[in-house]
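Open the model in your viewer and keep the selection tool at hand. Each stop below says what to select and what to look for there.

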Amino acid sequence: MSWPEPVTLRGTHAALLPLAPDHTPALAEAVRDGELWKLWYTAVPAPERMAAEIERRLALQQRGSMLPFTVFDAEGRAVGMTSYMNIDAGNRRVEIGSTWTARSAQRTGLNTECKQLLLAHAFEQLACIAVEFRTHRLNSQSRRAIERLGAQLDGILRAHQRLADGSLRDTAVYSITAAEWPTIRSHLEWQLQRPR
């Protein structure tokens, strides 16, 4: 049995369903909203590469290193992807990453609720010790979003990965621990209830 197993997570603003090949057309359309694949500091698939990206993520799931999801908004429209990744079952750790969201759904309650759903499942059902978040050091929008969740910066992995354009990525690593989760949970619930 794999850990973690595929699951559907539902909230008010978002639903996370196990990624499936039949999500390809809707995700190819969603990624056009903001032309997200053109951001140099991210690895978001272009519309014509969406099927290959879904295939890649599902192959990683078969190997036990990723659990990918399709993100749907409150109206049932596919608006992005996210994953548990770098899964370490022995140490009960996961990273929430490989996330992208259509521009029209950014800076809404959707992203906060997605993270709340994933964190709650990780800490309350999977008994994780810690959950990580990683992003390019220069992706200030992503870093601010991670920090708004309440995650702490663990450090910067310098020259950590080579990007598609050949440049080296410095990776900012953040985490939330199981001991911090009750406070973070209250913080996220407050964020989701306050007017935007």
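Start by selecting Glu147, in a model that is predicted. Is Glu147 buried, partly exposed or exposed? Its relative accessible area is 41%, so Glu147 counts as partly exposed, since that class lies between under 20% for buried and over 50% for exposed. Glu147 belongs to helix α4, which covers residues 140–149.

Add Tyr174 to the selection. Which kind of contact joins the side chains of Glu147 and Tyr174? They are joined by a polar contact of 2.6 Å. Along the chain these two residues are 27 residues apart, and their C-alpha atoms are separated by 8.3 Å.

**The sheet**

Now show the strands. Eight of them form an open sheet with mixed pairing, in the order β1-β2-β3-β4-β5-β6-β8-β7. At the edges stand β1 (9–10) and β7 (152–162); each has a single partner strand, so one side of each is left without a neighbour in the sheet.

Select β2 (residues 14–18) and β3 (residues 66–73). These strands run antiparallel and are joined by five bridges. Pick Leu17 and look across to β3: Thr70 stands opposite.

Move on to β4 (residues 78–88) and β5 (residues 93–101). They pair in the antiparallel sense over six bridges. One bridge to highlight is that of Asp88, whose partner in β5 is Arg93. The two strands form a hairpin with four residues between them. In the turn, select Arg92, which has a positive phi of about 50°.

Keep β5 on screen and add β6 (residues 130–136). In which sense do β5 and β6 pair? The pairing is parallel, over three bridges. Glu95 has its bridge partner in β6, namely Glu132.

**The helix between two strands**

Add helix α3 to the picture. Together, β5, α3 and β6 make a right-handed β-α-β unit.

Select α3 by its range, residues 109–125, and check its length. At 1.5 Å a residue, its 17 residues should span 24 Å, and the end C-alpha atoms are 23 Å apart, which agrees.

Then look at both ends of α3. At the N-terminal end, Thr108 acts as the cap, with a side-chain oxygen 3.1 Å from the backbone nitrogen of Leu110. Just after the helix comes Ala127, which takes a positive phi of about 55°.

Why is α3 described as largely enclosed by the rest of the structure? Because 14 of its 17 residues are buried.

Within α3, pick Gln116. This residue has 14% relative accessibility and so counts as buried. Setting aside neighbours within four places in sequence, Gln116 is in contact with Trp181, Leu188 and Leu192.

**The nonpolar core**

For the last stop, which residues have the most contacts inside the largest nonpolar core? They are Tyr84, Trp100, Leu119, Val131 and Phe133, in a core of 50 residues. The largest share of this core, eight residues, comes from α3.

Select Leu119 and display what surrounds it. With neighbours within four places in sequence again set aside, Leu119 is in contact with Ile96, Val131, Phe133, Ile176, Trp181 and Leu188. Two of the names in that list, Val131 and Phe133, are also among the core residues with the most contacts.

Note on methods. Residues are numbered from 1 along each chain as its sequence is written. This is a predicted model: local features need pLDDT of at least 70, side-chain atom pairs count only at pLDDT 80 or more; totals for chains, interfaces and linings use all residues. Side-chain values use heavy atoms; hydrogens and water are left out. The expected span of a helix is 1.5 Å times one less than its number of residues. Buried means under 20% relative accessible area, exposed over 50%, partly exposed in between (1.4 Å probe, protein chains only). A polar contact is a pair of N or O atoms within 3.5 Å; within protein, one must be able to donate a hydrogen and the other to accept it, and residues adjacent in sequence count only if both atoms are side-chain atoms. A nonpolar core is a set of buried Ala, Val, Leu, Ile, Met, Phe, Trp, Tyr and Cys residues joined through side-chain atoms within 4.5 Å. Contact means heavy atoms within 4.5 Å. Two strands pair if DSSP finds at least two bridges between them. A crossover is right-handed if, with the strands pointing away from the viewer, the path from the first strand over the helix to the second runs clockwise.
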